[in-house]
Amino acid sequence: MGLRIGLRKGLRFWQPAIVGLALFLGTTGCVPGAVPGRPQFTPQYHLAPPDVLTINVRPEPAMIRQLTVRPDGKISFDLIGDVEVRGRTVQQVREEVTKRLEEFIVQPDVTVTLQQSNSRVYFVFGEVGRPGAYPLVGDATVLNALFAAGGPAQFAMLGSGRLARPGPEGGSVYKVDYNAITKKGDSTTNYPLEPGDVIFVPANVSAQIGHVLQIIFYPFQQILGLGGRFIRGF
């Protein structure tokens, strides 16, 4: 139950970025070109909305607060007001809170712990068995993500997947070759995942043609359907 609640919270906070990336990656079945090289991997955990922190300040009287990182990437704490935490580690937040509290408390003993990691989710869309948001547990890779999402669907274009990684300047898109990973043992595009990553598996040419034909013939289907009902009415 707690995991599902965390995923729903994470999906709500990431939703604007997901919608933009989905439109970017999936409109009319087109797939953008990938940038060269590999995405950078940051092993240290960096905070993001809607992670939950617990801050404990001593000596007595102790202050204990459980705070959710807001969509603007900040938290509010007694005496010092807003603190920017997005992109920072827990240790960096502890140092910042301690430094600012020293103006009000002599030698404050500050403890900051990550209570809930709600931002550690990734997303899989396109031609897979179960598209959606998934928790990022441990050192997961693109292949782990595809298996968690039920694997490629029947009409997936296995050599032209994409990994979209959000960034401060709009993010980057990298090629994912599922065939090379599974059939050739080439792990070049089996990238380690980071929170917020979006994996997109496009449809193959046959599926794209079928989608276009469906759009073209949809108005005629509606007309024929109306005509059929009209004829049956007599």
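This is a short chat about a predicted model of one protein chain and the space enclosed in it.

Q: What helices and strands does the chain have?
A: In this predicted model, the chain has five helices and ten strands.

Q: And what percentage of the residues is buried?
A: Of the 234 residues in the chain, 35% are buried.

Q: What about contacts, how much comes from residues 24 or more positions apart?
A: Counting contacts in the chain with a separation of 6 or more, 59% are between residues 24 or more positions apart.

Q: Switching to the surface, what does the accessible area come to?
A: The accessible surface of the chain is about 13600 Å², and carbon and sulfur atoms account for 58% of that area.

Q: Now the inside: how many cavities of 30 Å³ or more are there?
A: The structure holds one cavity of that size, and the largest cavity contains about 70 Å³ of space.

Q: Which residues line it, the largest cavity I mean?
A: The lining consists of Leu146, Pro152, Met157, Leu158, Gly161, Arg162, Val176, Tyr178, Ile199, Phe200 and Val201.

Q: Which strands supply at least two of those lining residues each?
A: Those are β8, which spans 161-165, and β10, which spans 198-201, and β10 gives the largest share of the lining with three residues.

Q: How does that lining split by class?
A: The lining of the largest cavity has nine nonpolar residues, together with one polar and one charged residue; Arg162 is the charged one and Gly161 counts as the polar one.

Terms used. Residues numbered from 1 in each chain as written. Predicted model: local features only at pLDDT ≥ 70, side-chain atom pairs only at ≥ 80, totals over all residues. Heavy atoms only, no water. Helix = DSSP H or I, 4+ residues; strand = E, 2+ residues; numbered from the N terminus. Buried < 20%, exposed > 50% of the residue type's maximum accessible area, 1.4 Å probe, protein only. Contact = heavy atoms within 4.5 Å. Areas by Shrake-Rupley, 256 points an atom, 1.4 Å probe, with all protein chains shown as cover. 1 Å grid on protein atoms, 1.4 Å probe; cavity = no way out; pocket = protein on both sides within 12 Å on 5 of 7 lines; lining within 4 Å. Points joined across faces, edges and corners; volume = space filled by probe spheres on them.
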